[in-house]
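Me: I am new to this structure and would like to learn how to read it. Could you take me through it feature by feature?

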Amino acid sequence: MGIVFSNTSLLSGSGNNSINLNNQIVQFVDNTATVNASATTAAWVNLLSTTITTSKNNNRVLVEYMCNHRNDFTQGNWSLTYHRMLVSGPNISNAQIMYSGHMGSASLNIGYYERQFLYTASLVGTYTFTAQGLAFQGTSTFGTNNSGSTNHYLRLYEIGS
Amino acid sequence: MAVYFNNNVILQQINNKLHAPGIVIQTVNTLNTAALQNATTTPADYFTSNSITMTKSTNRLIIEWHVDLRTNDWGDGVWNLAYMDLIHVQSGAQLAYTGYIGEYTNNIKHSHRSAVHTPGSVGPHSYKLRGWSYSALNTSFNGTGGWVGNDNQSYIRITEIGA
């Protein structure tokens with residue numbers, strides 16, 4: 001069933017045991033985990049991956065990501081780390097949809113990257129978001145590795161349309 | 001009253017709030033304008049959120065915080081680091097731990113992150129932040145003037161999500 005309001009907004013049953021309403025959260029998928037990884041300049045390394053099955057074409061997914069990092073290249077030189085996000089789904093494969101750019105300083109440093117952004121899932125289906133990390137010089141460590149931090153996350157919120 | 005959808009989802013009223021899976025039920029925001037200075041390696045309570053009483057015991061809570069902080073310039077060429085964690089007051093459980101925050105030089109940082117908690121009862125529930133130092137030297141959380149120099153605005157925001 002659905003309830004039609006006078007401005008034609010529709011409150012309706014949707015997939016995944018949820019209710020669809022314009023601009024409301026339809027479902028929330030939490031992935032909180034303690035990452036333990038390292039990367040050099042050679043290749044991106046997977047950090048976190050979260051999957052959501054959308055319930056309506058063109059609903060948006062609010063992506064919320066946080067992971068700690070550390071780079072101790074050398075004091076006085078750029079010690080930098082990169083983060084990025086890939087998505088795969090019914091009509092897309094490992095497309096880069098977020099990129100942090102340089103994160104760090106010309107000093108040994110320990111920090112984190114935290115970001116939220118919206119992705120429009122054009123089709124109903126299963127989408128997988130994967131966070132990856134890379135070093136600018138030397139080695140960057142991620143998550144609890146060399147920082148001691150815990151509870152990193154890649155969370156997904158489906159927003160109704 | 002309740003409205004039943006054909007996928008067996010229920011939109012219902014509980015304690016004067018609308019409830020359905022996945023939706024935001026309520027938000028409790030706690031603004032803190034006090035500062036903390038801790039020059040020890042032992043966690044010190046910074047501030048505690050207002051409590052939230054959930055509408056349903058199986059719902060989840062997202063606890064988000066923001067704090068500006070500074071290790072008060074221990075010097076270039078040494079680690080200037082701070083720590084924070086988030087504690088569920090009623091159980092004492094640690095829900096998030098920042099690990100080291102800082103650099104091998106003087107630095108001023110912030111901590112902004114969140115944790116998801118399913119406490120398993122309607123509550124009330126409250127959450128507190130703690131802060132401490134890596135080197136038993138002065139570390140500031142909030143603080144105008146010569147400390148952090150921020151606007152003394154830190155917060156814990158609790159959002160209940162329907163299950």
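Reply: Happily, and we can begin where the two chains meet. Two residues are in contact if their C-beta atoms, placed from the backbone, lie within 7 Å. By that rule, 29 residues of chain B are in contact with 27 residues of chain A.

Me: Which elements give two or more residues to the side of chain B that touches chain A?

Reply: Elements here are DSSP runs, numbered from the N terminus: helices are H or I runs of at least four residues, and strands are E runs of at least two. On the side of chain B that touches chain A, those giving two or more residues are β9 (94-97), β10 (101-103) and β11 (107-117) of chain B. The most comes from β11(B), with four residues.

Me: Before we go on, what should I know about the model and its numbering?

Reply: This is a predicted model, in which local features need pLDDT of at least 70 and side-chain atom pairs count only at pLDDT 80 or more, while totals for chains, interfaces and linings use all residues. Residues are numbered from 1 along each chain as its sequence is written, and chains are lettered from A and ligands numbered from 1 in the order in which they are written.

Me: How many nonpolar, polar and charged residues are on the side of chain B that touches chain A?

Reply: For the classes, Ala, Val, Leu, Ile, Met, Phe, Trp, Tyr, Cys and Pro count as nonpolar, Asp, Glu, Lys and Arg as charged, and the others, Gly among them, as polar. That side of chain B has 17 nonpolar, 10 polar and two charged residues.

Me: In which sense do strand β12 of chain A and β10(B) pair?

Reply: Two strands pair if DSSP finds at least two bridges between them. Strand β12 (residues 109-121) of chain A and β10(B) are joined by two bridges in the antiparallel sense. Across this pairing, Ile110(A) stands opposite Gly102(B).

Me: How is each chain built overall?

Reply: Chain B has zero helices and 14 strands, and chain A has zero helices and 15 strands. Along the principal axes, the C-alpha atoms of chain B fill a box of roughly 65 × 25 × 25 Å, and those of chain A one of roughly 65 × 30 × 25 Å. Among contacts with a separation of 6 or more, residues 24 or more positions apart account for 75% in chain B and 76% in chain A.

Me: What share of each chain is buried?

Reply: A residue is buried if 20 or more other C-beta atoms, placed from the backbone, lie within 10 Å of its own, exposed if 12 or fewer, and partly exposed in between. Buried residues make up 45% of the 163 residues in chain B and 42% of the 161 residues of chain A.

Me: Which residues touch the most other members of the largest nonpolar core?

Reply: In soluble globular proteins, nonpolar side chains tend to be buried together. A nonpolar core is a set of buried Ala, Val, Leu, Ile, Met, Phe, Trp, Tyr and Cys residues joined through C-beta atoms within 7 Å. The largest one here has 64 residues, and Cys67(A), Ile63(B), Leu86(B) and Leu129(B) touch the most other members. Leaving out residues up to four places away in sequence, Cys67(A) touches Val35(A), Leu47(A) and Phe142(A), among others.

Me: What is the strand order in the open sheet of three strands in chain B?

Reply: The order is β1-β2-β3, with antiparallel pairing. Its edge strands are β1 (2-4) and β3 (17-19) of chain B, each pairing on one side only. β1(B) pairs with strand β2 (residues 10-14) of chain B over three bridges, and Tyr4(B) has Ile10(B) as its bridge partner.

Me: Where should I look for unusual backbone geometry?

Reply: Most residues other than glycine have a negative phi, and most peptide bonds are trans. From Gly123(B) to Pro124(B) the peptide bond is cis, with omega near 20°, and Pro124(B) sits in the loop between β11 and β12 (127-133) of chain B. Ala136(B) has a positive phi of about 55°, in the loop between β12 and β13 (139-141) of chain B. Asn142(B) also has a positive phi, near 70°, in the loop between β13 and β14 (154-161) of chain B.

Me: Are Ala136(B) and Asn142(B) buried or exposed?

Reply: Ala136(B) counts as exposed because it has 12 C-beta neighbours inside 10 Å, whereas Asn142(B), with 24, counts as buried.
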